[in-house]
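Me: Could you take me through the charged contacts in a protein model? I would like to begin with the structure itself.
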Amino acid sequence: MASELTGYSPPHQKNVVETCCKRRLGSEEDSSAEPDVKKVILESGVSFKTSLGDGVPGPTSETGVSSRTPLSNGTADPASKSGVSSRASMSDGVPGPAGSCTKTMAATHAGVSQIPDTAGEAEAPEGGFDFAARAYQLELFEEARKRNSILVLGTGSGKTFISILLIKELAEQIRGLLSEGNKRTVFVVNTVPLVHQQALAIETHTGLQVGRYEGSMGVDFWTPEKWFEELEKNEVLVMVAEIFKELVLHAKLPLSSVNLIIMDECHHTTGSHPMRQIMREYEKVKASFPVKCPRVLGLTACVIHRKCKKNEAIGLMKKLETAMDCALVTTTDHNEVVKYSTGPKEKVICYDSDEASEYRESIRARLQTI
């Protein structure tokens, strides 16, 4: 069962809160740093600019294939000996190595199937790739199916994967023309590159008609007829938050015509950010016509996006839950998630120096405060 981050206190909640907020918490304890000056070198390794998420190569599996190598430029790798793409394990939406996923659970109701242990051709379902999910991804997908949720997972651990599973789960509500009473799924992002990145992931793995919208396309000057044409034919709409806000406020796409809102980097849903303004319109619909409200799914690797004290963390998390009308959830198996999450490698080198200097003492004093 996935773990809620607020509302009750399971034994591991302290660890979860510290995991989510560690980099944003104010320091209240004295440092126990060594008296020697320390030089910290961040070795990020090889990074990829991918169509499906930032990532670094993961540990090599028994098959000799990195278990979290992202798909580059949206193209498929040559098939391995088993007939399954060597990049068939999803990291933020990419299917991964057959060898590393043969034991994973199956969620057949969402188009998720288990990769066979034996060698053979892996046939993709009509309209998209077959999926192989890790256990923690299925765990959180089940939570997202049942209620509005904010999924808290590290970068590169496969949040886009889970959102695609939910899109497929609810796909019957959006297939067909908008004018015929069908709805639309909206994937809201915070930056222009993410529009194209997430749109490509959804397009590749669902077979649905996907539209992408950002400022450089001149959408501010589109006529109502142009917008009608776009919304009529495209079943999933990926756009920056500002554009979706304008569509809602000007009734070009009322929330009653949306079946699911996915908000990437949803920790921005505060203050006057467009994501928060979208959710204020959602609150109005919920107050008047709750049955017309769309489902909501939030994705984030960082629940709290500012510095705070430890005793403020839970309050800020609850505030985000209220703003999103969602429950914060994360997996109970954090050790497994860490295996697939991206991050720099930190190497600490200590050295001694007999030569005293004002600069050396100032650096030592600053390190003592970390």
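Reply: The following answers concern salt bridges and the exposure of their partners. This is a predicted model, in which local features need pLDDT of at least 70, side-chain atom pairs count only at pLDDT 80 or more, and totals for chains, interfaces and linings use all residues. Residues are numbered from 1 along each chain as its sequence is written, and side-chain values use heavy atoms, with hydrogens and water left out.

Me: How many salt bridges does the structure hold?
Reply: There are 14 salt bridges, a salt bridge being a side-chain nitrogen of Lys or Arg within 4 Å of a carboxyl oxygen of Asp or Glu.

Me: Which residue does Glu 203 pair with?
Reply: Glu 203 forms a salt bridge with Arg 212, with 3.3 Å between the closest N and O atoms.

Me: Which salt bridges share partners?
Reply: Such bridges join Glu 142, Arg 145 and Glu 169 into one network. Within it, Arg 145 and Glu 142 meet through their side chains at 3.0 Å, N to O.

Me: Where do Arg 145 and Glu 142 lie?
Reply: Both belong to helix α3 (residues 135-146), three residues apart, about one turn of the helix. Helices (H or I, at least four residues) are DSSP runs, numbered from the N terminus.

Me: New topic: is Glu 172 buried or exposed?
Reply: Glu 172 counts as exposed because its relative accessibility is 63%. Buried means under 20% relative accessible area, exposed over 50%, and partly exposed in between (1.4 Å probe, protein chains only).

Me: And what does Glu 172 bind to in a salt bridge?
Reply: Its partner is Arg 175, with the closest N and O atoms 3.4 Å apart. Arg 175 has 38% relative accessibility, so Arg 175 counts as partly exposed.

Technical notes: Helix = DSSP H or I, 4+ residues; strand = E, 2+ residues; numbered from the N terminus.
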